[in-house]
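This report walks through one protein model, from a single side chain out to the core and the pockets. Keep the structure in view while reading.

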Amino acid sequence: MELETSSGLALAFRLCSAVNSHDLQALGACFAEEFVNETPMHPARSFHGREQVMRNWAQIFAGVPDIEAELVRSSADGDTVWSEWEMRGTRRDGAPHLMRGVSIFQARGDRFESVRFYLEPVEQGGVLVDAAVTRAVGL
């Protein structure tokens, strides 16, 4: 894990700690009131506001009571924080929960103002690369 060399990186580490301690209030404190979440892969999932962040995480903590977050890699360029995440645990129904991906945050002071969110559930199995490319280009 990279050292906390900027306020944005320190904020990413604070967010990771809040997730791992299942501290919804500490987690919410990482986000600006008017936080903007852009989800480019699923535009309908984009949203505004810290309250939605907290509703989402309340559901996650309830549905995956042993969730753990790992900040796999991170880097900051000014107020932009690039972060690679792994979120893992066990859902209440006994199924494994595993998500991986990247979040690109914009930080201001001690809060995140926005994110471009690219975390997705990990697909175990599925089609191999040749079939995936063929499917993606419609051949």
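With the side chain of which residue does the side chain of Glu86 make a polar contact of 2.9 Å? The partner is Arg88. The model is a predicted one.

**Glu86 and its surroundings**

Glu86 is part of strand S4. Its relative accessibility is 14%, so Glu86 counts as buried, the cut-off being under 20%. Besides the pairing with Arg88, the side chain of Glu86 has a polar contact of 2.7 Å with the side chain of Arg100. Beyond four places in sequence, the contacts of Glu86 are Glu68, Ala69, Glu70, Val72, Leu98, Met99 and Arg100.

**Glu120**

Glu120 sits in strand S6. Is Glu120 buried or partly exposed? Glu120 has 28% relative accessibility and therefore counts as partly exposed. With neighbours up to four places away set aside, Glu120 contacts Met41, His42, Leu98, Met99 and Arg100. Leu98, Met99 and Arg100 also appear among the contacts of Glu86. Asp66 is 54 residues from Glu120 in sequence; the C-alpha atoms of the two are 18 Å apart.

**The nonpolar core**

In soluble globular proteins, nonpolar side chains tend to be buried together. Here the largest nonpolar core holds 29 residues. Leu15, Leu27, Phe31, Trp85, Met87 and Phe112 have the most contacts inside it. Two or more core residues come from each of H1, strand S1 (31–38), helix H3 (50–63), strand S3 (68–77), strand S4 (80–90), strand S5 (96–108) and strand S6 (111–121). The top contributor is H1, which gives eight residues.

Phe31 deserves a separate look. Leaving out residues up to four places away in sequence, Phe31 touches Leu15, Val53, Phe105 and Phe112, along with Arg50 and Arg111. Of these partners, Leu15 and Phe112 are also listed with the most contacts inside the core.

**Two pockets**

The table sets out the two pockets.

| Pocket | Volume | Nonpolar lining | Polar lining | Charged lining |
|---|---|---|---|---|
| Largest pocket | about 700 Å³ | 16 residues | seven residues | two residues |
| Second largest pocket | about 170 Å³ | five residues | two residues | one residue |

Which residues lie nearest the centre of the largest pocket? They are Asn37, Asn56, Trp57, Ile60 and Phe117, out of a lining of 25 residues. S1, H3, S4, S5 and S6 each give two or more residues to that lining. All of these elements also give two or more residues to the largest nonpolar core.

The second largest pocket is lined by Arg91, Pro96, His97, Leu98, Met99, Pro121, Val122 and Gln124. S5 gives the most to this lining, with four residues. Leu98 and Met99 belong to the lining, and both are contacts of Glu86 and of Glu120.

**Loop and helix H4**

Two backbone features remain. His22 lies in the loop between helix H1 (7–20) and helix H2 (24–28). Although His22 is not a glycine, its phi is positive, at about 55°. His22 counts as partly exposed because its relative accessibility is 28%.

How many of the eight residues of helix H4 are buried? The number is zero, so helix H4 (residues 129–136) lies largely in the open. Gly138 follows just after H4 and has a positive phi of about 75°.

Note on methods. Residues numbered from 1 in each chain as written. Predicted model: local features only at pLDDT ≥ 70, side-chain atom pairs only at ≥ 80, totals over all residues. Heavy atoms only, no water. Buried < 20%, exposed > 50% of the residue type's maximum accessible area, 1.4 Å probe, protein only. Core = buried A, V, L, I, M, F, W, Y, C linked by side-chain atoms within 4.5 Å. Contact = heavy atoms within 4.5 Å. 1 Å grid on protein atoms, 1.4 Å probe; cavity = no way out; pocket = protein on both sides within 12 Å on 5 of 7 lines; lining within 4 Å. Points joined across faces, edges and corners; volume = space filled by probe spheres on them. Nonpolar A, V, L, I, M, F, W, Y, C, P; charged D, E, K, R; others polar. Polar contact = N/O pair within 3.5 Å; in protein donor to acceptor, adjacent residues only side chain to side chain.
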